[in-house]
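Please open the model in your viewer and keep the sequence panel visible. The stops below are meant to be selected in order.

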Amino acid sequence: KLSDVGVIGLGVMGKNLALNIADNGYHVAAFDVDTAKINAALEQEHHERKEGLAPRMVACNNLSEMLDKLVSPKVIVLSVPAGKIVDGICNTLIESGISSEDIVIDTGNSLWTDTVKREAHYKGKFKFFSSAVSGGEVGARFGPSLMPSGDESAWKYVAPIWKAIAAKVDSATGLPIERFEPGNPVTEGEPCTTYIGPAGSGHYVKMVHNGIEYADMQLICEAYQLLHEGLGLSTYDIGEIFKRWNQGSLNSYLMGISAEVLQQQDPETGKPLVELILDKAGQKGTGLWTAVSSLQIGCPAPTIAEAVYARAISTQKPLRVTLSKTLVGPEKQCLSQTEQNEFIDALEDALYCAKVCCYAQGFQLMAMEAKEQNWSLNFAEIAKIWRAGCIIRATFLQSITQAYEQNASLENLLLAESFSESLAAKQQNWRKTVAASVMQGIPAPCIGSAIAYYDSYRCETLPANLLQGQRDFFGAHTFERTDKPAGEKYHLDWSAKQRTLIKM
Ligand code: 6PG
């Protein structure tokens, strides 16, 4: 029997996607340059397969063998690191005889502009399709969130497979249906995948998902530092607070795993493991790309950018060690039990408010880029497919879905009444938290940048009037006037004795 899907790259993500596809009834032809990885994947499928059921995965020794083993049009899933290797494999597939109707799906975290170029470059040779995947290894195995984009004729073939393997949401509650059982995939509920749009749009949306992920993670980390250093709470107790928050409006996958990480003991020493983990954060680039994109298009996304900077400053450990001994901070404050409890409650509200801002930034960024690229992105659908499977899954996404269902062309989430009202109710606590972090000398760059973002949007007038004056003073860059028609440019001859206004 010929296989339905080829999977190239059997690292953690590729192997788990292959097993997920096989679990959903498809026959998979699997290849990796490392034969040990092919064997491991086949062995795992053998172990997991229910007694009496024939295996659905076959090994391929090379890519031409894979092409021979697939039904046409051939659907090939690429799960390899983003970058040149994607093109290396595409070229080998061309040499191996792939046809113009066949479909190659790049599931890596590729830079979206590379995806746009690749789709054009491989046109006529095969259909280069892309689908970003979120959810880490467990997601890939039992249901990720999938963001496909590219050739719509390819999507027809990919859709049934993608809908089968994606995470599912209970349509009545909007909550994830989670079942992590090999051989027993979730078949009911709404799949967390939707066709995003033309080539590159899916990778762009996933890039922004990751930007939000960076900010969301950093917000939780700031809360941890404030509770640990500010209140002197143990990591275990902070884990308890996070667990409590996870029952309310802050419920999210990231909040849940943060509580677990905080309460994990080191198997070797019995100490809290998190206190033994070196405080230098890694990054693979997607958060940085989001921040760069926001700067390029002129969309304010300071909380996302701050999260990237927070990772950067974390890597400068030697400099921090030196400066920690010389730079002066405030006197340590002692809080009463009541004040501590108030602080914890205020922090919960602050996190919620900052989180709303970071999603508002991400969604506005997608909207601005979509306009630029002529993509018609459906934000209610995007919020929907992030409700399960992906790393930023959160109950909160249900409210974002509703906001976009009420108004599909919402410019910014802060315009949605549901959000502006909850921010109004919580903003005072947000301010208290930011003030406390500053007074105690504990950095909270994301919580703080989010409040500046919120307050900037609250200002009908910003000091950019003075800025325009400065620009005109030294560079004759001109300015518009509030009392004259929009678009009319003026320049003042600032150095002349008799200062005259010139209409340009
Ligand atoms: C996901 C994750 C995943 C990966 C990121 C994190 O949605 O499943 O975002 O794609 O964990 O690449 O990358 P950093 O190494 O940059 O934190």
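Between which domains does the ligand lie? The ligand lies between domain 1 (3–199) and domain 2 (208–458), because both give residues to the shell around it; the domain bounds come from an automatic or database domain assignment.

This is a predicted model, in which local features need pLDDT of at least 70, side-chain atom pairs count only at pLDDT 80 or more, and totals for chains, interfaces and linings use all residues. Residues are numbered from 1 along each chain as its sequence is written.

**The ligand shell.** Select the 13 residues that surround the ligand, where a residue is near a molecule if its C-beta atom, placed from the backbone, lies within 6 Å of it. The closest are Ser134, Asn210, Gln283, Lys284 and Ile391. Helices α8 and α11 (286–297) are the elements that give two or more residues to this shell; helices are DSSP runs of H or I with at least four residues, and strands are runs of E with at least two, numbered from the N terminus.

**His209.** Next, select His209 in helix α8 (residues 201–230). His209 counts as buried because it has 23 C-beta neighbours inside 10 Å (buried: 20 or more other C-beta atoms within 10 Å of its own, placed from the backbone). Beyond four places in sequence, its contacts (C-beta atoms, placed from the backbone, within 7 Å) are Ser134, Trp386, Cys390 and Ile392.

**Asn109.** Finally, move to the loop between β5 (103–106) and α5 (112–122), where Asn109 is placed. Asn109 is also buried, with 21 such neighbours. Among the residues it touches are Ala82, Lys206 and Lys284.

Technical notes
A residue is buried if 20 or more other C-beta atoms lie within 10 Å of its own, exposed if 12 or fewer, and partly exposed in between; C-beta atoms are placed from the backbone. Two residues are in contact if their C-beta atoms, placed from the backbone, lie within 7 Å.
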